[in-house]
Amino acid sequence: MKFASLTPARLLRVSIVVALVTIVLKGAAGYITNSMGLISDAMESFVNLASATFALAMVTVASRPADDEHPYGHHKAEYFSSGFEGILIIGAAIAIIWVAVLRLLSPQPLEQLGWGLGLSIISSAFNGWLAFVMFKAARVHRSIALESDARHLVTDVWTSAAVVVGIVAVHLTGWLWLDPVLAIGVALNIVREGLSLVWRSSQGLMDEAIEPESLALLQATLERFATGVPEGAQLRFDDIVTRRAGQRRFADLHMHVPGAWSLERAAGLRDGLEQALIDALPGLRVTIQLLPLGMEARATPRAETL
């Protein structure tokens, strides 16, 4: 499967369709079994639908080209999607806990477990397949919206698996209180995932540095460039500052050259370095400031030196 051709927008449209299918399947499972665990699982599918719809809107915004008001593009819109999904997940978990506590105070028998468990397993298969595809595509496109939706789907799969095991346990033991207790456990796990998504979204909005492996690749490219040109021994790079915004990555650095060089010679090497960095890190926007050796820029933040 060519994951590069599976754009974030296309996969999120698929996610909306799958969410609608799982709502029907899980809703039917909860209705025919009268299981609070299955009902709580169905409620989470409504969150899947809302979050996928919002994520599609934000991915559409993020794909817009840069303009006068947003010269660096709209890529951070994806972080709003991740944060919104996290908040929705936490809200759904609170609702599940509330209903589960009511059921715990007044336990009710379960019915037609065979059909209910079968429908739940089928819906989990849909979510598991979609999560696998989304994770692969998220790495290719560096899309936090896709990754967040995939993580939520994985949580949904594990939630459904726990519910199935719990319902089987209720059937074998006759302990009706186990069903709402299981629903509360599912809700607490959902809260954990929601808080994780909100945290990751906040880090992206605060200009988090690029991934350690990407930074290592950037530094390796600088070293390779310096050893690959005759003037490499006379070059020095420092004040490397990076950030990421959705699918885009940004880097600023200083390139020190001998002061006696002509501007044309220094600018030619800078152009070559820019191209080398862009080739090594697709989607990178790099700004390289030229400085003569022995001169440091004023008021520069602490950064790495090579």
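Is Arg151 buried, partly exposed or exposed, and what is its relative accessibility? In this predicted model, Arg151 has a relative accessibility of 34% and therefore counts as partly exposed. Its partner is Glu147, with which Arg151 forms a salt bridge whose closest N and O atoms are 3.1 Å apart. Both residues belong to helix α5, which spans residues 144-173, and they stand 4 residues apart, about one turn of the helix.

**Salt bridges**

Side chains of opposite charge can pair when their charged atoms come close. A search of the whole structure finds 3 salt bridges, and they are listed here with the N to O distance of each pair.

| Residue pair | N to O distance |
|---|---|
| Glu147 and Arg151 | 3.1 Å |
| Arg265 and Glu231 | 3.7 Å |
| Arg236 and Asp238 | 2.9 Å |

The side chains of Arg265 and Glu231 meet at 3.7 Å, N to O. This pair links distant parts of the chain, since Arg265 lies in helix α8 while Glu231 lies in the loop between α7 (212-228) and β1 (236-245), and the two are 34 residues apart. With a relative accessibility of 38%, Arg265 counts as partly exposed, whereas Glu231, at 17%, counts as buried.

In the salt bridge of Arg236 with Asp238, the side chains meet at 2.9 Å, N to O. Here Arg236 is partly exposed at 27% relative accessibility, while Asp238 has a relative accessibility of 3% and so counts as buried, the cut-off for that class being under 20%.

**Strands and their crossover**

Helix α8, which carries Arg265, also has a place in the path between two strands. Strand β2, made of residues 248-257, pairs in the parallel sense with strand β3, made of residues 284-292, over 9 bridges. The chain passes from β2 through helix α8, residues 263-280, to β3, and this β-α-β crossover is right-handed. Within the pairing of the strands, Asp252 has Thr287 in β3 as its bridge partner.

**A nonpolar patch on the surface**

Elsewhere, the description turns to nonpolar side chains. Trp98, Val99, Val101, Leu102 and Leu105 make a nonpolar surface patch of about 510 Å². One of these residues, Val101, lies in helix α3, which covers residues 77-105. Val101 has a relative accessible area of 35%, and it is therefore partly exposed; membership of such a patch requires over 30% relative accessible area, a cut-off that the 35% of Val101 satisfies.

Notes. Residues are numbered from 1 along each chain as its sequence is written. This is a predicted model: local features need pLDDT of at least 70, side-chain atom pairs count only at pLDDT 80 or more; totals for chains, interfaces and linings use all residues. Side-chain values use heavy atoms; hydrogens and water are left out. Two strands pair if DSSP finds at least two bridges between them. A crossover is right-handed if, with the strands pointing away from the viewer, the path from the first strand over the helix to the second runs clockwise. Patches are made of residues with over 30% relative accessible area and no salt bridge: like charges are joined within 9 Å, nonpolar side chains (Val, Leu, Ile, Met, Phe, Trp, Tyr) within 5 Å. Accessible areas come from the Shrake-Rupley method with a 1.4 Å probe; for residues, only the protein chains shown count as cover. A salt bridge is a side-chain nitrogen of Lys or Arg within 4 Å of a carboxyl oxygen of Asp or Glu. Buried means under 20% relative accessible area, exposed over 50%, partly exposed in between (1.4 Å probe, protein chains only).
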